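Ready to work through some exercises on a protein chain? Keep the structure open beside you and try each task before reading its solution.

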Amino acid sequence: MTNIHQFEVVIVGAGGAGLMAAMFASRTAKTAVLSKLHPTRSHTGAAQGGIGAALGNLEEDHPDWHTYDSVKGSDYLGDQDAIEFMCNEAVEAIYDLEHMGLPFSRTPEGRIAQRPFGGHTNNVTGKPVMRSCYAADRTGHMILQTLYQQCLRNQVNFFDEFQVLDLILVKGAAAGVVAVELATGELHIFHAKAVIFATGGHGRIWEITSNAYAYTGDGAAIVLRRGLPLEDMEFFQFHPTGIYKFGILITEGVRGEGGVLINGEGQRFMEHYAPHVKDLASRDVISRAMYIEMREGRGVNGKRYLYLDVRPEIVNKYAEIDGRTRPDGTPYRTTAQEILTKLPDIIEFCRVYLGVDPVTQPIPVQPTAHYTMGGIPTNQYGQVVYDEKNSPMPGLYAAGEAACVSVHGANRLGTNSLLDLVVFGKHAGIHAARYARGVAFQDLPADAADPVRQRLDEMLNRTGKEKTAAIADAMKAAMFHHVGVFRTEEGMKEVIEDIRALKERYRHVHLDDRGKIFNTDLLNAWELGNMLDLAEVIAASAVARQESRGAHARQDFTKRDDVNWLKHTLAWQKEGAIELRYKPVVITKFQPKERVY
Ligand SMILES: Cc1cc2nc3c(=O)[nH]c(=O)nc-3n(C[C@H](O)[C@H](O)[C@H](O)COP(=O)(O)OP(=O)(O)OC[C@H]3O[C@@H](n4cnc5c(N)ncnc54)[C@H](O)[C@@H]3O)c2cc1C
């Protein structure tokens with residue numbers, strides 16, 4: 001039996017984007033939030049470093065500078081109208097969060113504290129600017145808790161541990177979703193006037209990643225299977241500082257506080273790759289520099305890691321060399337106590353997972369798969385757009401890391417994702433509720449849950465011998481080595497073949513658990529199916545793009561090619577093959593320039 005619920009707006013995902021959408025939608029529409037995790041376990045809670053906004057609390061700053069930095073950071077692939085919209089809304093968004101009770105760190109005068117982050121600059125001097133608002137190194141945790149409290153206050157209906165498996169479309173419009181209740185294995189239909197996907201990213205496709213286990217790209221995969229395209233999937237960000245082997249993130253805030261990257265020969269190598277901003281260059285630039293250092297044998301002890309050094313004596317040494325000052329003009333000098341106060345969680349992680357104390361020892365790091373720039377194409381109101389002309393799909397929305405607005409283009413600047421969630425989550429919520437007010441519920445087909453039920457039954461009854469984990473490991477390794485920081489045609493074509501072979505093996509996956517209650521065996525297998533679909537789209541989009549731009553660095557096409565490739569990729573899954581088409585980038589104020597670091 002299928003349980004049927006009816007809500008005007010159904011939001012899939014309870015991270016920053018989903019909760020922000022819920023807060024605004026629930027003001028005027030009957031709203032439900034479905035989440036496969038308990039809301040406060042969403043990956044937003046892991047965000048450490050901060051949320052960007054040109055408040056100018058500590059030094060001069062302007063939303064226009066933020067816009068320019070984000071356009072440049074995106075390697076000119078971001079849509080400039082959307083970026084400008086986000087950066088202008090940023091300031092109000094931060095004060096909104098403050099008024100909701102978010103405990104930001106403060107300056108001695110009691111204003112919201114800000115710190116520098118990679119790629120954020122004073123546009124006149126080119127020097128790093130303090131733009132990241134933070135709550136110690138637990139910014140995302142605080143955002144998530146604050147928004148969840150507000151949603152409870154607004155009496156949003158939460159369905160926790162409900163995993164959405166399908167989208168229901170009726171006459172070319174969204175009409176609901178199909179979900180499985182994890183505790184019982186029962187299927188539920190959520191009949192809706194508007195559906196918002198806020199399901200986060202898909203970093204689990206790669207071997208070393210900073211992303212949570214739940215980052216399996218469910219929303220994007222569902223939309224893809226329902227015949228809609230995904231945008232710019234070849235662009236996936238590697239963060240330079242993951243803990244060696246584990247991938248757990250060490251926030252860029254460490255470098256914001258003066259930490260530096262050091263190679264096996266004791267050199268601060270970023271001054272050769274980005275002489276102006278050095279260790280605060282954008283993430284794609286630093287990840288590539290690290291790869292080159294390691295490839296050329298300058299990893300620590302000949303291994304595939306480097307050091308991130310935030311010991312006070314090292315921070316002070318390089319602050320002196322760089323002539324870094326505090327906002328009042330005095331030389332920047334730090335102490336162990338200050339580092340402990342500003343980066344408590346990071347220090348704890350390193351002590352627990354590595355047995356390394358960052359106050360007295362350098363931290364071994366390597367680039368880690370971190371952020372999904374591409375995703376479900378939307379406009380700035382969160383409406384999903386499904387073709388080259390940006391035609392909106394009625395009633396269907398996406399926001400947060402699952403969506404591609406596109407404000408991050410080929411490479412996201414740190415602190416711009418939390419901002420993206422808050423700004424576009426809000427607008428998706430407002431727009432969806434407004435849309436819902438103007439339309440009636442559509443009649444649902446009697447068999448709306450059948451495709452899911454049949455697929456689940458088929459999976460549970462397979463007789464093959466293949467194991468989910470083995471297929472997942474093979475996919476992750478192939479993607480990490482060939483569709484990672486550096487790429488070549490040969491490597492990517494090999495991966496496409498590998499993924500197709502893995503998809504074939506996947507059809508014979510054997511499930512040990514055939515029960516109903518919390519069948520994580522089944523759901524892990526289901527999620528692997530999502531990741532395999534997305535991996536193929538990513539590799540196919542990447543091999544077609546014959547240039548290097550942002551996070552997409554090709555060894556066989558090393559230059560950015562604006563003549564042929566200043567355009568967004570749209571990828572459809574059609575009869576087992578990937579079809580690619582392209583749409584223009586919106587350029588308003590800033591003509592593409594060469595990036596100077
Ligand atoms: C370690 C780390 C640190 C970061 N630090 C920063 C930072 O300092 N600043 C910054 O700007 N960005 C940072 N980012 C990026 C940023 O945190 C994320 O991009 C952002 O939080 C994503 O939010 P979201 O709301 O889109 O998704 P999430 O917060 O991940 O929420 C996704 C939600 O979707 C639900 N869901 C997924 N699939 C399904 C399904 N099938 N059915 C039902 N529910 C489903 C999940 O349960 C979850 O509630 C960081 C990311 C990581 C991994």
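**Exercise 1. A tyrosine and its surroundings**

Does Tyr353 count as buried, partly exposed or exposed? Find out, then say which patch Tyr353 belongs to.

Solution. Keep in mind that this is a predicted model.
- Step 1: find the residue. Tyr353 sits in helix α11, which covers residues 344-354.
- Step 2: check its accessibility. The relative value is 44%, and partly exposed runs between 20% and 50%, so Tyr353 counts as partly exposed.
- Step 3: look at its partners. Together with Phe246 and Val352, Tyr353 forms a nonpolar patch on the surface. The accessible area of the three together is about 320 Å².

**Exercise 2. A second tyrosine**

Work out whether Tyr371 is buried or exposed, and list what Tyr371 touches.

Solution.
- Step 1: place the residue. Tyr371 is part of strand β14 (residues 363-372).
- Step 2: compare with the cut-off. Buried means under 20% relative accessible area. Tyr371 has 2%, so it is buried.
- Step 3: collect the contacts. Skipping residues up to four places away in sequence, Tyr371 touches Phe236, Gln237, Glu401, His408, Arg412, Ser417 and Asp420.
- Step 4: try a distance. Tyr273 is 98 residues away from Tyr371 along the chain, and their C-alpha atoms are separated by 23 Å.

**Exercise 3. The nonpolar cores**

How many residues make up the largest nonpolar core, and which have the most contacts inside it?

Solution.
- Step 1: take the count. The largest nonpolar core has 116 residues, and Leu34, Val177 and Phe197 have the most contacts inside it.
- Step 2: see which element gives most. Helix α16 (residues 520-544) supplies the largest share of this core, with 15 residues.
- Step 3: place the core. Residues come from both domain 1 (246-368) and domain 2 (450-566), so the core lies between them.
- Step 4: zoom in on one member. Leaving out neighbours within four places in sequence, the contacts of Val177 include Leu34, Phe197, His188 and Asp166.
- Step 5: look for another core. There is a second, separate one of 58 residues, with Met23, Cys133, Leu421 and Val422 among them.

**Exercise 4. A salt bridge across the sequence**

Which parts of the chain does the pair Arg560 and Asp75 tie together?

Solution.
- Step 1: confirm the pair. The side chains of Arg560 and Asp75 meet in a salt bridge, at 2.7 Å from N to O.
- Step 2: locate both ends. Arg560 lies in the loop between β20 (553-554) and α17 (562-565), while Asp75 lies in the loop between α2 (63-73) and α3 (80-100), so the pair ties together parts 485 residues apart in sequence.
- Step 3: check the cover. Arg560 counts as partly exposed at 23% relative accessibility, whereas Asp75 counts as buried at 5%.
- Step 4: widen the view. Both residues belong to a network of salt bridges that also links Glu234, Arg545, Glu547, Arg549 and Asp562. Across the whole structure, a search finds 48 salt bridges.

**Exercise 5. A buried pair**

Are Arg298 and Glu293 buried or exposed, and how far apart are their closest N and O atoms?

Solution.
- Step 1: take the distance. Arg298 forms a salt bridge with Glu293, with the closest N and O atoms 2.8 Å apart.
- Step 2: classify each partner. Arg298 is buried, at 18% relative accessible area. Glu293 is buried too, at 2%.

Definitions and conventions: Residues are numbered from 1 along each chain as its sequence is written. This is a predicted model: local features need pLDDT of at least 70, side-chain atom pairs count only at pLDDT 80 or more; totals for chains, interfaces and linings use all residues. Side-chain values use heavy atoms; hydrogens and water are left out. Patches are made of residues with over 30% relative accessible area and no salt bridge: like charges are joined within 9 Å, nonpolar side chains (Val, Leu, Ile, Met, Phe, Trp, Tyr) within 5 Å. Accessible areas come from the Shrake-Rupley method with a 1.4 Å probe; for residues, only the protein chains shown count as cover. A salt bridge is a side-chain nitrogen of Lys or Arg within 4 Å of a carboxyl oxygen of Asp or Glu. Helices (H or I, at least four residues) and strands (E, at least two) are DSSP runs, numbered from the N terminus. Buried means under 20% relative accessible area, exposed over 50%, partly exposed in between (1.4 Å probe, protein chains only). A nonpolar core is a set of buried Ala, Val, Leu, Ile, Met, Phe, Trp, Tyr and Cys residues joined through side-chain atoms within 4.5 Å. Domain bounds come from an automatic or database domain assignment. Contact means heavy atoms within 4.5 Å.
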